[in-house]
Amino acid sequence: MGRLKQKGKAGAAKAYVTRTAAVRKLQCSLADFRRLCILKGVFPREPRNKRRANKGSSVPTSFYYAKDIAYLAHEPVLKKFREHKAFAKKLSRALGRGEWSSAKSLEEHKPVYKLDHIIKERYPTFIDAVRDIDDALCMVFLFASLPTSDRISPELVENCSHLASQWQLYVMHTRSLRKVFLSIKGVYYQADIMDQPVTWLVPYQFTQHIPLDVDVRVMLTFLELYQTLLGFVFYKLYTDADLVYPPPLDKVKDDGAAGIGAFTLNEMTNTASNLSGFQRTGKMSGQKISGKDVRRTIESIDNSMDENKGDADVSPQEQLIAEADEDFIPQPSATGEPTPALPTLKSLAALPRTAPVNIFSPYTFFLSRETSRPIFEFLIRSFGGRIGWPASSGSGSPFNEDDESITHVIIDRPVVEKMKETEAERNRRLRRKYVQPQWVVDCINAGNILLEEPYSQGKTLPAHLSPFEIYEGAYEPAAADSVMNKQEVEEDDSEEEESEGNEPKTGSEEQRGTEAVTSGADVAGVLEEPGALRIAELAAEVAGVDYGTFERGIAKSEKRRREKGKVEGEEEEEEEMNKMMMSKRQKKLYERIKYSQKKREAEVSL
Amino acid sequence: MTPKHWEQQGSKRKASPDSQNEYEDEFRLTNLEILSEEDNQAASSDDRWIDELPDINSSFGDEKTDDEQSQIDSVEGASEDENENGSDQENTIFPSIKTVVSDITGQFKQVLPEIEPEYDSDSSIEDDPNCVGNIPLHWYDDLPHIGYNIDGKQILRAARGDELDRFLATVDDPLTWTSAFDKNAQMDKSLTAEELDIIRRLHENENPDANYDPYQPTVEWFTGKGKEEIMPLSGAPEPKRRWVPSSWEKQKVLRIVRAIRQGRILPSKPKTTTKFEFYSIWSEPASSVAAPLPAPKLKLPTHSESYNPPEEYLPTKQERKEWAKMDPEDREQDYLPQKYSSLRLVPAYDQFTKERFNRQLDLYLAPRVHRVKLNIDPNSLIPKLPSPSSLKPFPTYMALKVNQSIHHIRCISISPDGCWAISGDEDGFISLWEVNIGREIKQWKFGGKIGALDWCPRVDVSFFVVCIEGILFFIIPPNLPNSIFSSTYALLAPAASSPAPPTSSPVQWESTSPDSWSPNKPILTVKLPSSSGVPNQIAWHRRGDYLATVAREGTQSGVWIHQVTRRHSQAPFRKLKGTVQLVLFHPLKPHLFVATQQYVRLYNLSEQKLVKTFMPGIRWISSMDVHPSGDHLIVGGYDRKLCWFDLELSEKPYKILRYHTKAIRSLHFHPTYPLFASSSDDGSIQVFHSRVYSDLMTDPLIVPLKILRGHEIRDGLGVLQVRWNSRQPWLLSAGADGTISVWCS
C-alpha cells in the first residue's frame, strides 16, 4: 500500500498560489509586486479547477504559478526594491529633520536597478525581442507626444522621442517599411524587420493627455522596461547594419524641431573615429577582418567624399545591392550570434521582391504647411523620395519651395484661385503635381505609383482601405465598385452595338432578346420574387420579344432550376441524414464551427 | 522727602500757572466717560506726575528720621492736607483714616472723620427703600411682593412702567441708556462714570483697572551692573579630559584613516547616476531555457477604422445610439467609424492613452490560456457512408394513400403472403384490404377500441387476431382457397375439442358453433380476466402456435401467452418489476424479450430464468424489434432516442441515434431485406439500411436511407405504426390522420 495522499499537498493546490499569498511570500508591497510582475512578464494563470487550486474556496481570486513566484523570489530587482524602501525611509527622515547635506548624499547614492538581465531572460534570442517590440514602440511614440508633468519628467519624454527617431531612422535606412494606414486613432505602420512584421501605432500630431482613470505608475513601469528593451534592440539592429549606436544628436537642430534630421547615421567602418568601435566588435566576436571588409571600407570612404556634393540619402543598402554581384563571403555577424534569420544577400536576391522599396525615388516632394511633417517625411524617405518642407514645419529642410526639382506637392487644403501670380509662379505650379496626402499612403500600400488625378487638390478622395485586411474571404469594398464599373461598361457596349446594327440583324437580335430574357428569367428564378419577374417582363417588352417566347424561356429556366434544385436537395438530404450518425460530441463541434462560419459570412455580406 | 516737601510740591503745583489744569483734573474726575483729547493731556500730566514718583520712593527710607517734626506739621496742616489731597480722597469710598497722637496716652491713634448727621449718616431714611433684609430676591420672582418689612408686612413690588413708559423714558431722559435695573432697590439706577469706564475698558479688551500700567519698568533684583556673581559654585579642580585629547577618539580616527589608506572606505563614492550604456546583449549564446510565450498581438485595424472608410462602414443613427448605450466592455469595436473629407480634419483620438493602458492591463493582469485553434473542415466531421443509391431497393415514394377512417388508425398488419392488410382504428372498425390497389374487401365492427391486431405468421393457415378490451378474437378472412380455409377452420374450431387443461385458468376459450359461424363473426374468442385492460400488443411466435399479449393499463400483470393448438393461456410472470410495455419472442431461441419502462430483460422460457438485462438509457420505451437473425435488438423511446443493441456485445447500446424531433412510435425490421424503419410523432418515417455481418468482428452497418414524409400530424400524433411487406421492400404506415400509406421502391 502506498502512502496516504494528503489534501493540498499535490496537484493544483500546490501548483498555484493566489496573489495575496504571493505578495506575502515575496515580502514586498502590492505595488512592488505589480512592478515586478510587469518587469518579469509574470501574469496570472487560470487553473482548470479554481476550487481545487484555492483549497476548496470558490472566492474569485487571481492565481499565479507557484514556480513563477519562486522564480521572482530570487530576482535581484526585488532586492533593489527592498533597498529602495529603506532608502526612501532614510531620505524622508533626513528631510523631516532638515538634514539637507545628508539628504543630498543619500539622494546621490540612491539604489538603482538595471534591467538588462531581465531583457536577456525574457528574450533569449534576438528574434524573440523583435517579435515583441510592437507594444514598446506604441508606448514610446505615445510618450514622445505627452506633455511633461510632475509624474512625467522632461528627460523621459525626450528619451522617448529620441528612441522614436532612432527607430524611424533605422526603418528608413533599411527601407523596411511595408504598410501604412491612416486610421481615426492614428497612423499604423508595419515594417518587416528580420522577417518579422512589426506594427506600431503613432498618434496624430496633437498633444495627448493622460486621463484620470489611468494609473500612470503602471504605464511608467512598462515604459521603463520598454525603453531598455528598445535600447538593446536598436543597438543590435544598428550594429548589424554597421551603424553606430546611439547615433550622434545635433543639439542645435534638435532644438529647431528638426525631428529625425537631428540625428546623423554614422557608419561604423567608414571613419577613423569609429575604428575603435569596429575594433570593439572585432574583439567581441574574435574574428579576423576579411578582405571584403577592407574593400567595403575603402568604398564607403569614397562614397562619403561624394556625399558632400550629392544627395545625402543614398543608402548603404543600395550600395550593398549594387555590389551584390560580387561573391558573398559568408561570415558570422559582428556580434557572433548564430544568425537564425539573417538572410544572406544571395538569398535576398533569389527571393522575388515582394515589396518595392524605392517607389518614390524618381520624385521630389514638397510638403504644404498644413500636412504633418513627421509622418510624410518618414514615409517618403522610407521609399526613396526626397522631401522638403517650409520652415514653419521645422528646420532642416534640404531645399525650399522654389526649388526646380520638386515634382509633387502634398497639399491638404481646398483650391483657392490665386489672383496675383507671376508668370514664373504659374509655370512652376503647372509643372508640379498637387496631391492630397492619402495619395502617398495609397501608393505605398499598392506598391506602385497610382494616378494622381483622383487624389488631386480639392477632389473628393476615394475611400482609404486598410492594407491589413487581406485574409481570405474578407469583404472587399473595392470589388463592389469594380463590379459596378464593369456593369456600366457592358451596358455601354450593348448600347453601341444596338445603335450601330440597325437593319442587318433581325435574327440575331431575336436571339439576343431571348438570351436577355432567359438571363432575366434566371434572375427572376434566383430572386423568386414576383417583382423581379415583372421587371424581366418589362425588359423583354423593351427588347421587343413576343410574349410566347418569353413564356417559353421562363418555363425552360424554371425547369432547369427545379432539376438543379432537386439534385441539390437530394445531396443536401443525404448530408442531413449522414449527420444523424454523428456522435453527440461531434455534432456539437460541428454546430459550433458552422455557427462561427455563418457569423463570418453574415459580417461579410453586411 | 518730608511731608513738607510734599506740601511744597503740591503748592508748587497749585501755584503753577495753569490753573486750567486743575480745573481739568476736576472735570476729568466727574465726567469720566467723556474722555477725549483732554484726557490725553491729563494722561500726559499724569505721566509727568509719575516721573516724579521715584523721588518719593527714594525718600521713603528716611521718613522715620524726621518723624517728630512732621507730626506737628501734619497736625497743623491737617486741614490743608485734606484740602490738598481732596482730589485723591474723593476717589475712595471710605473716609480716610488719620493717625494722630493721642492727647491722653501720647500714643498714635487712628481717627475717623466726623460723621455729619444730615448727609453722611448710614441711617438716613431716604437711603434704602428695600428693607427685606439679606434675602435672595429670586425667591419672590413669581410673587407680587418682594419680601416683608420688619413688621411682617408684605412689601409690594414697585410698579414698573410698561413698554411705552420705557420708550418715553428713552426719549425724555438722555441718561436712560446708561441705567440698569437694580433688583435690590427695585428701581433703575444710572451707572456712575467709573462703572461706565470699567464697561468701556472691558469692551475694548483693556484692563478694567484704570490705574493699571502695563509698561512698568523692570526691577532688577539679581542681575545688572554690580550684581554679577564672581565666586564659583563648586570648588572642584578642572578635570584632565578638558584639555588632554582623547586617545579613544584617536584610535577611532586612526582606524578610519587606515581604512581610507587601504581603500576600504571610499571617501567620496562615485555618483550612481551614470548613464546606462547599451551593449550587445544577444552576443552570448542563449540559455537552453525555452523563451516564455510571447503575448498575443493586438488585432490589426480593419477598413472601418480608416479616416476615410467606404460608405457602407459608416454606422446609421440607430447603430450609433445602440453603440453609445452599450457597456464599453460589451462593444465589439471600441470606436465608431467616422468619415473625414481630408486628413487635416482628423482630430486627436481621445481614447489613445486609455487604450494603451488597457492593453497593458491585459498584459500583466489577464490570465492567458493556451487555446488550440480548431481548423477543421466541418464537413470532415460528417461520417462518410455509402450513398443510399447504392443500397437500393428501399421505399422511396408513396405509392398509395388510403383514407380509411376519421379516427386515428392505431394498428396495421400484413398477411404473410403480403397481399392483404388489415387495419384497426380507435372506433372499433377493422378493414381488410388489398395492398396492391388499396381496395377494401371487408369491414368488421367491434364494440370498443382496437388495441392490437396481427396475422398469424403461418402460411398454411390464414387468420388474424384482434384485441379489444379484455377479449381476443380470432377471425378468418373471407375468400380463402378451400384448402387453406379448411385447415384454418380445423385449427381454430376442431371437431374434437382437445381435452381441457388440468389446471383451471382465468382465461376462457370459446369457439363459435359451426352452424352459427359466418365470416362476419370471429371463430374463436378468448376472454381474458376482467380488469386486464386493452391488450396493446400481440407478439406471435415464429411458428405461429404461441402468441403473447400485453396490456399496459391492466391492474394485474398484463402478459399472457396463449397456445392456439392447446387452447390454453398462461401468465409467464407471477411478479415483475415495473409495468411491462412490450414483449417479443426471440426468432430462434426459446427466449422472451420483456421491455419495461426503462429496461429490456431477456428471459429463457424453457429454463425459466433471466438471461440478461439491457439498459438503453431511455426514459420510457415505446417500441422494440428484434433482428431476424436474433442477434440485434432496436429499442425506441418516447424521448426520441433509438438504441441499437448487439445482444452478444454488451448491456449498453452499441449505437444511440436521435434524429426524430418527436417521440418514436413504431419500429420494424424487414424480415428478409436489410432494412428497418422507424416512425415518429413528427409525421415522418425514417428508413435505414442495416447490414449485419455474420463475422463477429465487424460492426453492423447502419445507413440512413430515406426520410418519408406524407402523413399529417393530428392531435400531436403522427405515424402510429409501420409494417414491412414480408416479400417486397415495401412499407405500410398507419397515420393518426386516418390514412394508410403504402411506400414502394
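Helix H18(A) is mostly covered in this predicted model, with 10 of its 10 residues buried. The buried residues of H18(A) include the charged positions Arg373(A), Glu377(A) and Arg381(A). Also buried in H18(A) are Pro374(A), Ile375(A), Phe376(A), Phe378(A), Leu379(A), Ile380(A) and Ser382(A). Just after H18(A), Gly384(A) takes a positive phi of about 85°.

One of the neighbours of H18(A) is helix H11 of chain A, residues 154-174; H18(A) itself covers residues 373-382. Two packed helices are described by the angle between their axes and the distance between the axes. For H11(A) and H18(A) the angle is about 25° and the axes are 8 Å apart. Angles under 35 degrees count as roughly parallel, and H11(A) is therefore roughly parallel to H18(A). On the H11(A) side the contact is made by Gln168(A), Val171(A) and Met172(A), and on the H18(A) side by Phe378(A), Arg381(A) and Ser382(A). By residue class, this contact holds 3 nonpolar, 2 polar and 1 charged. An α-helix has 3.6 residues a turn, so residues three or four places apart point the same way.

**Chain A**

Chain A has 606 residues, of which 30% are buried. Its secondary structure consists of 25 helices and 9 strands. Of the contacts in chain A with a separation of 6 or more, 63% are between residues 24 or more positions apart.

Strand S5 of chain A, residues 196-202, has 5 of its 7 residues buried, so S5(A) is largely enclosed by the rest of the structure. S5(A) runs antiparallel to strand S4 of chain A, residues 187-193, and 7 bridges join the two. Within this pairing, Tyr188(A) has Leu201(A) in S5(A) as its bridge partner. S4(A) and S5(A) form a hairpin with 2 residues between the strands, in which Met194(A) takes a positive phi near 50°.

Is Pro60(A) buried or exposed? Pro60(A) is exposed, because 7 other C-beta atoms lie within 10 Å, and a residue with 12 or fewer counts as exposed. Pro60(A) sits in the loop between helix H4 (50-53) and strand S2 (63-65) of chain A. Lys50(A) is 10 residues from Pro60(A) along the chain, and their C-alpha atoms are separated by 8.5 Å.

**Chain B**

In chain B there are 12 helices and 35 strands. Buried residues account for 26% of its 745 residues. Of the contacts in chain B between residues at least 6 apart in sequence, 46% join residues at least 24 apart.

Among the sheets of chain B is an open one of 4 strands, in the order S17-S18-S19-S20, with antiparallel pairing. Its edge strands are S17 (535-540) and S20 (568-570) of chain B, each of which pairs on one side only. Neighbouring strands of this sheet are turned by 20° against each other on average, direction ignored.

Another open sheet of chain B has 4 strands in the order S25-S26-S27-S28, again paired antiparallel. The strands at its edges are S25 (621-626) and S28 (655-657) of chain B, each pairing on one side only. In this sheet the twist averages 15° from one strand to the next.

The table lists one antiparallel strand pair from each of these two sheets.

| Strand pair | Residues | Bridges |
|---|---|---|
| S18(B) and S19(B) | 546-551 and 559-563 | 5 bridges |
| S26(B) and S27(B) | 632-637 and 642-646 | 5 bridges |

In the S18(B) and S19(B) pair, Leu547(B) has His562(B) as its bridge partner. In S27(B), the residue bridged to Ile634(B) is Trp644(B).

An unreviewed UniProt entry lists "repeat: WD" for residues 402-443, 657-698 and 719-745 of chain B. The span 719-745 of chain B is 0% helix and 63% strand, and its end C-alpha atoms lie 19 Å apart.

**Contact between the chains**

Between the chains, 63 residues of chain B are in contact with 84 residues of chain A. On the chain B side, the elements that give two or more residues are helix H10 (352-365), helix H11 (378-381) and strand S32 (701-709). H10(B) supplies the largest share of that side, 9 residues. The chain B side divides into 41 nonpolar, 12 polar and 10 charged residues.

Methods: Residues numbered from 1 in each chain as written. Chains lettered and ligands numbered in written order. Predicted model: local features only at pLDDT ≥ 70, side-chain atom pairs only at ≥ 80, totals over all residues. Contact = placed C-beta atoms within 7 Å. Axes fitted to C-alpha atoms, helices over the stretch in contact; angles between N-to-C directions. Parallel < 35°, antiparallel > 145°, perpendicular 65-115°, else oblique. Pairing = 2+ DSSP bridges. UniProt positions renumbered as here; feature names shortened; annotations may be inferred. Buried ≥ 20, exposed ≤ 12 C-beta atoms within 10 Å, placed from the backbone.
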